[in-house]
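Student: I would like to take a close look at a single part of this model and follow it step by step. Could you guide me through it once the structure is in view?

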Amino acid sequence: MRRGGQIKKFVVILTCASMVFAAAGCGAGGNTQGDSTKNTQTEEAAATETTEAESTAADQEAAEQGMEPEQAALQDPQAWEWDAEDEETLRYAFAKEFGGRAGVCVPMAALSDAARMEIVKGQFNSVTMENEMKPDTFLGNKPNIGEDGFPVLSFTVPDMMLKEIKAYNDTAGNDGRKIMVRGHVLVWHSQTPEWFFHEEYNVDKPYVDQETMLARMESYIKQVMEHYEGADSEYQGMIYAWDVVNEAVNDTDGGMRTDSSWFRVFNSSDFVEQAFVYANRYAPAHIKLFYNDYNDTNPKKADGICRLIEQIKANPEARIDGMGMQGHYDMDFSDVLFKQAAKKYAAVVDEIQITELDLKASRGFDGENTEEEYQKQAEVYKSLYDAVKSLKQEDVPITAIVFWGTDDRHSWLQSANAAGGSADGTRVQCPLLFDKDYEKKPAFWAFVDDSKLEAAE
Ligand code: GLA
């Protein structure tokens, strides 16, 4: 049983730690007292040398990536230490089971909801702002044009959230609990003010030419990176990944989606490639750059996304590190298709994250028989998690699973939305791991301790 194993490991480590004070080490024993002391000293010296060598190499690597050693430690799930009370958490389970982060999307409104923040702080170590780092927040409704002729970005709202996260991190305790941020999203056809694409920032005027649009894109990405990563930024190092481009590929044949002002200006995929050039130019090396999309297990779309990624990679000035599979799935989720798609992505990028995971309810679900629906949902989540773990065995690196919301009450799926993977707003949904009263559902145990799930069957 998984949990038994984990708890035993914890006890062994504690026992070893206390035995260090008795200078006895943690070996199998059998030596005389004198020998064992000598051996222990030699072993300790060797261990110290190895640790020092390892930490020098690690520090050097961190420096190359533009990070302080403490920052680098935060990026390495293997290096995180844990306390006993972390054990029944998603972040602990994910670090142990597949070496990744446990994430959740959080809107500004959640900050004043203590119970919701308890879930965030109690379970997760990655946060994506639900809307507050999207272009319409940074750019605002009305253009505010600077002396250089480009829109001046406003960071007030996201920064309020980052300040909260920073204050929490300062008192969180161990590194495994510290929250890092997925930046979401730089270039997207949706939630971007239409004026951004038009001459004189006026929607009544024609679209700008490509050169002008690229200059606007560059200014935008530069301002974001300078604000969060510049030498004077108090937020330096808090963001570990950025979705550089969101949802550029269509659902039919994996070509470019055309219902997008980005596409209308460029009439090709060049803006996607160029976004990764600018992101690479202005983001420090430790920030992972992602392409992010929904309907991510559809084979044709996955092939189209891989073609796009190849195009980006062929540009020596661009960098792309990861593929974000949004993961807006339903009860027909296929672990076979999921694995196939993840393997395709892993062939072209270094890492994969599930960035917006939730599950739409069964077609017949009317909001009444929740027990049955919760159980079914837990099984679907378990099949997804089993797939993640088996992919890990096959060296397909999934580095985070991010849920699109803390609890069922606040899920975007409760209302109609035109975005991909959305619900139609006609039925009650229960897509997440905590119910509308913030209680853990069976789906939670599918990730944290599936033996509890079986017991409930
Ligand atoms: C897409 C976006 C998210 C969010 C959802 C709907 O998946 O990437 O930012 O807007 O739609 O909540």
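Student: In β9, which residue is the bridge partner of Arg101? Please use that as the start of a close look at strand β1.

Tutor: In this predicted model, the bridge partner of Arg101 in β9 is Ala400. That pair belongs to the link between β1 and strand β9, residues 398–403, where four bridges join the two strands and the strands run parallel. Strand β1 is also joined by four bridges to strand β2, residues 126–129, and these two strands run parallel as well; within β2, Val127 is the bridge partner of Val104. To get from β1 to β2, the chain passes through helix α5, residues 114–123, and this β-α-β crossover is right-handed.

Now consider the surroundings of β1 itself, which covers residues 101–106. Arg101, Gly103 and Cys105 point one way from the strand, while Ala102, Val104 and Val106 point the other way, and all of them are buried. Here buried means that a residue has under 20% relative accessible area. Because six of the six residues of β1 are buried, the strand is largely enclosed by the rest of the structure.

To retrace the path, you can start at Arg101 and find its partner Ala400 in β9, then move to Val104 and find its partner Val127 in β2. Following the chain from β1 through helix α5 to β2 then shows you the right-handed crossover.

Terms used. Residues numbered from 1 in each chain as written. Predicted model: local features only at pLDDT ≥ 70, side-chain atom pairs only at ≥ 80, totals over all residues. Heavy atoms only, no water. Buried < 20%, exposed > 50% of the residue type's maximum accessible area, 1.4 Å probe, protein only. Pairing = 2+ DSSP bridges. Right-handed = clockwise from strand over helix to strand, strands pointing away.
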